[in-house]
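I opened this one up to see how the chain is put together. Here are my notes, in the order I looked things up.

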Amino acid sequence: SIIRDKIDVSTLSSKTLKAILARDKVSAAGVLERSELLERVNMLLDNVKAEISGSGGAEPSEEMLCKVSFPG
């Protein structure tokens, strides 16, 4: 997963960023700039990290860590 492996999303291609958003059901419709894709992926990551930290300090489950992952 992107979170578990601490992947720098800024190094990913636009195609990969779009696929990540599509997999997690985040619309990229009308997004033309790579910077906007990065912004949306980073917001998605922030939301998942907040969910993980909101689990009361418990070790995050594999499901939670894999919530945002590479497509395919």
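**Notebook: loop, helices, core**

I began with K25, which sits in the loop between α1 and α2. For the record, helices (H or I, at least four residues) and strands (E, at least two) are DSSP runs, numbered from the N terminus. This is a predicted model, in which local features need pLDDT of at least 70 and side-chain atom pairs count only at pLDDT 80 or more, while totals for chains, interfaces and linings use all residues. Residues are numbered from 1 along each chain as its sequence is written, and side-chain values use heavy atoms, with hydrogens and water left out.

What caught my eye at K25 is a positive phi of about 60°, although K25 is not a glycine. I reminded myself that most residues other than glycine have a negative phi. Is K25 buried or exposed? K25 counts as exposed because its relative accessibility is 76%. The cut-offs are under 20% relative accessible area for buried, over 50% for exposed, and partly exposed in between (1.4 Å probe, protein chains only).

**Whole chain**

I counted three helices and zero strands, so the order from the N terminus is α-α-α. Of the 72 residues in the chain, 29% are buried. I also checked contacts (heavy atoms within 4.5 Å). Among those between residues at least 6 apart in sequence, 55% join residues at least 24 apart.

**α1 against α2**

How do these two helices cross? Their axes come within 10 Å and cross at roughly 40°. The axes are lines fitted to C-alpha atoms, for helices over the stretch in contact, and angles run from 0 to 180 degrees between N-to-C directions. α1 and α2 are therefore oblique to each other. On that scale, angles under 35 degrees are roughly parallel, over 145 roughly antiparallel, 65 to 115 roughly perpendicular and the rest oblique. The crossing is left-handed, meaning that the near helix is turned anticlockwise from the far one by less than a right angle.

I then listed who meets whom: S14, L17, K18, I20 and L21 in α1 meet R34, L37, L38, R40, V41 and L44 in α2. By class, this contact has seven nonpolar, one polar and three charged residues. Ala, Val, Leu, Ile, Met, Phe, Trp, Tyr, Cys and Pro count as nonpolar, Asp, Glu, Lys and Arg as charged, and the others, Gly among them, as polar.

K18 of α1 counts as partly exposed because its relative accessibility is 43%. Its C-alpha is 9.5 Å from that of R40, with the two positions 22 residues apart in sequence numbering.

**The core**

Which residues touch the most other members of the largest nonpolar core? I found V9, L17, V41 and L45, in a core of 15 residues. Such a core is a set of buried Ala, Val, Leu, Ile, Met, Phe, Trp, Tyr and Cys residues joined through side-chain atoms within 4.5 Å. α1 (14–23) and α2 (34–53) are the elements that give two or more residues to this core, and α2 has the largest share, seven residues.

I followed V9 further. Leaving aside neighbours within four places in sequence, V9 is in contact with I2, L17, R34, L38, V41, N42 and L45.

**Back to I3 from α2**

D46 is in helix α2 and is partly exposed, at 48% relative accessible area. D46 and I3 are 43 residues apart in sequence and 9.9 Å apart, C-alpha to C-alpha. K49 is in α2 too, partly exposed at 44%. The C-alpha atoms of K49 and I3 are separated by 8.0 Å, with the residues 46 apart along the chain.
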